[in-house]
Amino acid sequence: MQNVLNALRVLETVAARQPVGVAAIAQETGIPKSTAQRALRTLQTAGWIRPAGGELTRWVVTTKALQVGRRATGELGLRDVAVPVMEKLRARTDETVHLAVPEGGKVVLVERLETSQPVRIVLPLGTDLPLHASANGKAVLAAGGPEPVEELLANGLPRHTDTTNTEPDRLRAELAAIRERGYATNSGEWRADVSAVAAPVVLGSGRVVASISVNVPTSRMTEESHAAFGALVRTAARDIARGLDGAARGDDGP
């Protein structure tokens, strides 16, 4: 049992800090280096991790972890419906398109389609996005009930950049505006170089299952872009929701 627990702790540490070496894993987990090394070999044999860039001293998770996570959350069906919509959105904007799902007190990036432009936003799949400082997070937060908002505010709003909103009343007002217009914006509030516009994917039952966003280097985002991308992501989110509702009913289409 202890060997299994050690392997799981090592896997979680690799996922959180990748690429990471055995010394850092041992320090993070409190597991002896020899034990951590054995766990790494076991995880590699099972296909959960691989050497980073071919180096046997640093490790990253494989897509196996992502696939298991998708099955656990039902996100594989979401991806089947969302990716064609994301492809159309990317074609309309020629910017990077993200799909994220809510998980606890954050949203998690689960799919990405990249722009053809040389200057682009590149975030690894599995990246956690803060609810109050990302467009995807604010879109999900605004579409949910008041309880998650108040829980978030009770825990405090950490500052990530100079533009992060850390004032509760100001966040409540922003969320109200997001509900009114149907999309959220982020202007370098999580990372100074990352701006985005996102809309929530809300099923007919009212459940928020995801958010879809257009992601742009902050230097390329304008007020006009906010409005244009907002209309596009709002439509894309509705298309995904209709597709999911239709799939649940057994329809061939929305």
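Trainee: Let me get the cut-offs straight: buried means under 20% relative accessible area, exposed means over 50%, and partly exposed is in between. Which of these is Asp94?

Mentor: Asp94 is partly exposed, because its relative accessible area is 30%. Keep in mind that we're looking at a predicted model.

Trainee: Got it. Where does Asp94 sit?

Mentor: Asp94 is in the loop between α5 and β3. Have a look at its backbone too: phi of Asp94 is near 50 degrees, which is a positive value in a residue other than glycine.

Trainee: What's on either side of that loop? Start with Ala91: which helix is it in?

Mentor: Ala91 belongs to helix α5, which covers residues 75-93. Its relative accessibility is 64%, so Ala91 counts as exposed.

Trainee: And how far is Ala91 from Asp162?

Mentor: Their C-alpha atoms are 32 Å apart, with the two positions 71 residues apart along the chain.

Trainee: Now the strand side. Is Thr96 buried or exposed?

Mentor: Thr96 is buried, because its relative accessible area is 0%. You'll find Thr96 in strand β3, residues 96-103.

Trainee: What does the side chain of Thr96 pair with?

Mentor: A polar atom of the Thr96 side chain lies 3.4 Å from the backbone nitrogen of Thr115.

Trainee: Which other residues does Thr96 contact?

Mentor: Skipping neighbours within four places in sequence, the contacts of Thr96 include Arg112, Leu113, Glu114 and Thr115. Arg120 and Ile121 are also among them, as are Ser213, Val214 and Asn215.

Trainee: Val214 and Asn215, okay. Which residues does Ser195 touch?

Mentor: Val214 and Asn215 turn up there as well, along with Val216, Thr218 and Met221, leaving out residues up to four places away in sequence. Ser195 also touches Asn186, Ser187 and Gly188.

Trainee: Where is Ser195, then?

Mentor: Ser195 is in strand β7, residues 194-202. With a relative accessible area of 1%, Ser195 is buried. A polar atom of its side chain lies 3.4 Å from the backbone nitrogen of Gly188.

Trainee: Let's try a loop again. Why is Asn165 classed the way it is?

Mentor: Asn165 has a relative accessible area of 1%, so it is buried. Its loop runs between α7 (146-154) and α8 (168-181).

Trainee: What does its side chain reach?

Mentor: The Asn165 side chain reaches the backbone nitrogen of Glu167 at 3.0 Å. Leaving aside neighbours within four places in sequence, Asn165 contacts His132, Leu157, Arg170, Leu171 and Glu174. Its C-alpha is also 7.3 Å from that of Glu189, which is 24 residues away in sequence.

Trainee: Changing topic: how many residues of helix α6 are buried?

Mentor: Eight of its nine residues are buried, so helix α6 (residues 135-143) is mostly covered. Among the buried ones are Asn136 and Lys138. Ala135, Gly137, Ala139, Val140, Leu141 and Ala142 are buried too.

Trainee: And Ala248, buried or exposed?

Mentor: Ala248 counts as exposed because its relative accessibility is 70%. Ala248 is in helix α9, residues 223-249. From its C-alpha to that of Pro19 is 39 Å, and the two are 229 residues apart along the chain.

Trainee: Let's zoom out. How many helices and strands are there in the chain?

Mentor: The protein chain has nine helices and eight strands. Its radius of gyration is 19 Å, close to the 18 Å from the globule rule for 254 residues, so the chain is as compact as a globular protein of that length. Along its principal axes, the C-alpha trace spans about 55 × 45 × 40 Å.

Trainee: How much of the chain is buried?

Mentor: Buried residues are 46% of the 254. Among contacts with a separation of 6 or more, 54% link residues 24 or more positions apart.

Trainee: Last ones: what does the surface come to, and where do the charges sit on average?

Mentor: The chain exposes about 12,700 Å², with carbon and sulfur atoms supplying 52% of that. There are 30 positive and 28 negative charges, and their mean positions are 6 Å apart.

Definitions and conventions
Residues numbered from 1 in each chain as written. Predicted model: local features only at pLDDT ≥ 70, side-chain atom pairs only at ≥ 80, totals over all residues. Heavy atoms only, no water. Helix = DSSP H or I, 4+ residues; strand = E, 2+ residues; numbered from the N terminus. Rg over C-alpha atoms; globule rule 2.2 N^0.38 Å. Buried < 20%, exposed > 50% of the residue type's maximum accessible area, 1.4 Å probe, protein only. Contact = heavy atoms within 4.5 Å. Areas by Shrake-Rupley, 256 points an atom, 1.4 Å probe, with all protein chains shown as cover. Lys, Arg positive; Asp, Glu negative; His and termini not counted. Charge placed at Lys NZ, Arg CZ, Asp CG, Glu CD. Polar contact = N/O pair within 3.5 Å; in protein donor to acceptor, adjacent residues only side chain to side chain.
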